[in-house]
Amino acid sequence: SRRKTFIKPITRKGCALKLITRTLFLFYRETCCLFYRGEASHIASMRILSIDYGKKRTGIAVTDPSQIIANGLTTVDTKDLIKFLREYVSREEVERFVIGLPTQPNGQPSENQKRVIVFSEKLKKIIPQIPVDFYDERFTSVLAHQAILESGIGKKRRQNDKGLVDEISACIILQNYMEQRR
């Protein structure tokens with residue numbers, strides 16, 4: 001009953017607001033339970049960074065420090081990716097990297113998978129203090145294209161902003177990874 005009075009007035013304004021309100025409520029409830037049980041030290045305070053590695057461009061997404069919400073961060077030229085990650089890690093606390101592992105629908109490695117593996121090994125050597133996880137990225141580009149079309153972004157912007165798909169794909173990878181961990 002208390003939860004309903006907390007959410008009901010807000011949900012009339014829109015579905016997205018309802019989702020955010022529900023997420024914040026669940027976080028608040030979980031945080032209170034942790035404090036009550038004396039387990040508050042388990043609350044995440046570092047970001048997870050997701051990488052949708054591509055031959056030319058790479059999409060990057062991050063969580064908020066509490067690891068509740070995944071947000072697209074940017075798209076970087078792949079040749080500048082290591083430099084970007086070094087700079088980002090020096091500014092923000094990152095718990096782990098999640099790299100999309102490109103796999104074909106039948107489970108076989110895609111042509112880009114070898115490049116992703118080589119990149120991940122290089123990343124582990126350059127930034128060894130941050131662990132690297134892989135997440136199956138099958139269909140994330142298709143889902144990203146679908147999300148862009150449904151969002152109402154104009155045709156001109158869709159054609160000019162090629163990195164948008166990569167950024168949204170990284171966000172989808174990160175969101176799915178976080179849901180799997182829960």
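**Figure 1. Where helix α3 meets helix α4.** In this predicted model, Leu81, Ile82, Leu85 and Arg86 of α3 touch Phe119, Lys122, Leu123 and Ile126 of α4. Sort the residues of this contact by type and you get six nonpolar, two charged and no polar ones. The helix α3 covers residues 81-91, and its axis comes within 11 Å of the α4 axis, with the two crossing at roughly 40°. As for handedness, α3 passes α4 in a right-handed crossing.

**Figure 2. The whole chain, for orientation.** Take a step back and the protein chain shows seven helices and five strands. Reading from the N terminus, the elements go α-α-β-β-β-α-β-α-β-α-α-α. The chain has 182 residues, and 37% of them count as buried. Look at contacts between residues at least 6 apart in sequence, and 60% of those join residues at least 24 apart.

**Figure 3. The five-stranded sheet.** Here the strands sit in the order β3-β2-β1-β4-β5, making an open sheet with mixed pairing. On the edges are β3 (70-77) and β5 (132-136), each of which pairs on one side only. Leaving direction aside, neighbouring strands in this sheet are turned by 25° against each other on average. Helix α4, residues 113-126, packs on the sheet, where α4 touches β1, β4 (94-101) and β5. The direction of α4 makes about 165° with that of β4.

**Figure 4. Strand β1 and its two neighbours.** Let's zoom in on β1, which spans residues 47-52. On one side, β1 runs antiparallel to β2 (residues 57-63), and four bridges join the pair. These two strands form a hairpin, with four residues between them. Follow the partners across to β2 and you find Leu49 bridged to Val62, Ser50 to Ala61 and Ile51 to Ile60. With β4 the story changes direction: β1 and β4 run parallel, joined by five bridges. One residue to look for there is Arg96 of β4, the bridge partner of Ile48.

**Figure 5. Both faces of β1.** Which residues point one way from β1, and which the other? Arg47, Leu49 and Ile51 go one way, while Ile48, Ser50 and Asp52 go the other. That switching back and forth is what a regular strand does, with side chains alternating between the two faces of the sheet. Whichever way they point, all of these residues are buried. In other words, β1 is mostly covered, with six of its six residues buried.

**Figure 6. Strand β2, the hairpin to β3, and Gln67.** Six of the seven residues in β2 are buried, so the rest of the structure largely encloses this strand. Strand β2 pairs with β3 in the antiparallel sense, over seven bridges. Across this pairing, Thr63 stands opposite Ala70 in β3. The two strands make a hairpin with six residues between them. In that loop between β2 and β3 you will find Gln67. Gln67 is not a glycine, yet it has a positive phi of about 60°. Is Gln67 buried or exposed? Its relative accessibility is 12%, and buried means under 20%, so Gln67 counts as buried.

**Figure 7. Helix α7 across the sheet.** Helix α7 takes in residues 163-181 and lies across β1, β2, β3, β4 and β5. Against β2, α7 runs at about 40°. How far apart are the end C-alpha atoms of α7? They are 27 Å apart, which agrees with the 27 Å that 19 residues should span at 1.5 Å a residue. Plenty of residues to look for here are buried, including Leu164, Val165, Ala170, Cys171, Ile172, Ile173, Leu174, Tyr177 and Met178. Gly163, Asp166 and Ser169 are also among the buried residues of α7.

**Figure 8. Asn176, a partly exposed residue in α7.** One last close-up stays in helix α7, where Asn176 has its place. Its relative accessibility is 26%, so Asn176 counts as partly exposed. Now find Ala70, which we met opposite Thr63. Asn176 and Ala70 lie 106 residues apart along the chain, and their C-alpha atoms are separated by 9.5 Å.

Key: Residues numbered from 1 in each chain as written. Predicted model: local features only at pLDDT ≥ 70, side-chain atom pairs only at ≥ 80, totals over all residues. Heavy atoms only, no water. Pairing = 2+ DSSP bridges. Axes fitted to C-alpha atoms, helices over the stretch in contact; angles between N-to-C directions. Contact = heavy atoms within 4.5 Å. Left-handed = near helix turned anticlockwise from the far one by under 90°. Nonpolar A, V, L, I, M, F, W, Y, C, P; charged D, E, K, R; others polar. Expected span 1.5 Å × (residues − 1). Buried < 20%, exposed > 50% of the residue type's maximum accessible area, 1.4 Å probe, protein only.
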